[in-house]
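Subject: Handover of a structure and notes on its contents

Dear colleague,

Please find below the structure that I am handing over to you. I would be grateful if you read the notes with the model open beside them.

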Amino acid sequence: MEAEKAEGPLAPHPQGERLSQPPPAAGGKLLSLKGDRAFQRLRQGRAGRGRFLSVKWLPAPELRVGIVVSKKVGKAVVRNRIKRRLREILRRLHLPRAHLLVIASPEAREATYPELFQDLIRALKKSGLVQ
């Protein structure tokens with residue numbers, strides 16, 4: 001009998017063949033803005049505001065996102081729920097390369113997922129990042 005070739009994730013990598021692009025990030029993970037300087041630079045960025053959120057962005061070589069939810073919004077459970085919802089919304093949108101800052105207002109604690117989704121799109125359109 002002929003030995004069957006291994007297929008799938010455990011298949012041996014063919015020698016000499018190079019990947020043209022790096023593999024996508026696992027699970028569509030968003031890259032985070034790091035450091036105070038990145039946040040300070042975004043003060044000069046283009047801004048847009050919705051009912052629950054405001055956004056600022058600057059063009060950049062890759063998409064990086066910072067999400068700010070202050071203690072005025074609520075306790076840790078509420079703030080983390082809003083951050084989780086915003087991260088999921090941002091993963092689902094196909095955004096251009098930019099450094100993006102999303103700031104939640106205290107009214108965001110009452111917003112449902114669809115309301116946050118629509119509000120983020122509205123703010124992104126006002127800022128000019130998406131059409």
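The notes that follow cover the nonpolar core, one pocket, the salt bridges and one buried serine. Please keep in mind throughout that this is a predicted model.

The nonpolar core

In soluble globular proteins, nonpolar side chains tend to be buried together. The largest nonpolar core of this model contains 28 residues. Those with the most contacts inside this core are Leu53, Ile82, Leu90, Leu100, Val102, Leu120 and Leu124. Both strands and helices contribute: strands S2 (53-59), S3 (64-69) and S4 (98-104), together with helices H2 (76-92) and H3 (113-127), each give two or more residues to the core.

Leu124 is a good residue with which to begin your inspection. Setting aside residues up to four places away in sequence, Leu124 touches Val55, Leu93, Leu95, Leu100, Leu129 and Val130.

The second largest pocket

The second largest pocket has a volume of about 170 Å³. Its lining is made up of Lys29, Leu30, Leu31, Ser32, Val65, Ile67, Lys83, Arg87 and Arg91. Strand S3 and helix H2 each supply at least two of these lining residues, and the largest share, three residues, comes from H2. By chemical character, the lining divides into four nonpolar residues, one polar residue and four charged residues.

The salt bridges

The structure holds four salt bridges, and three of them are described here. One of them pairs Arg64 with Glu62, with the closest N and O atoms 2.9 Å apart. Arg64 has a relative accessibility of 23% and therefore counts as partly exposed. Glu62, at 33%, is likewise classed as partly exposed.

Which residues does Glu88 join into a network? Glu88 forms a salt bridge with Arg91, where the closest N and O atoms are 3.0 Å apart. These two residues are three places apart in helix H2, so about one helical turn separates them. The side chain of Glu88 also meets that of Arg92 in a salt bridge, at 2.9 Å from N to O. Glu88 and Arg92 are four residues apart in helix H2, again about one turn of the helix. Through these shared partners, salt bridges join Glu88, Arg91 and Arg92 into one network.

The members of this network can also be described by their accessibility. Glu88 is partly exposed, with a relative accessible area of 27%, and Arg91 is partly exposed at 33%. Arg92, at 54%, is exposed, because the exposed class begins over 50%. You will recall that Arg91 also belongs to the lining of the second largest pocket.

A buried serine

Is Ser54 buried or exposed? With a relative accessibility of 18%, Ser54 counts as buried, because the limit for that class is under 20%. Ser54 lies in strand S2. Leaving aside neighbours within four places in sequence, Ser54 is in contact with Gly48, Arg49, Leu101, Val102 and Ile103. Of these contacts, Val102 was named above among the core residues with the most contacts inside the core.

With kind regards

Note on methods
Residues numbered from 1 in each chain as written. Predicted model: local features only at pLDDT ≥ 70, side-chain atom pairs only at ≥ 80, totals over all residues. Heavy atoms only, no water. Core = buried A, V, L, I, M, F, W, Y, C linked by side-chain atoms within 4.5 Å. Buried < 20%, exposed > 50% of the residue type's maximum accessible area, 1.4 Å probe, protein only. Contact = heavy atoms within 4.5 Å. 1 Å grid on protein atoms, 1.4 Å probe; cavity = no way out; pocket = protein on both sides within 12 Å on 5 of 7 lines; lining within 4 Å. Points joined across faces, edges and corners; volume = space filled by probe spheres on them. Nonpolar A, V, L, I, M, F, W, Y, C, P; charged D, E, K, R; others polar.
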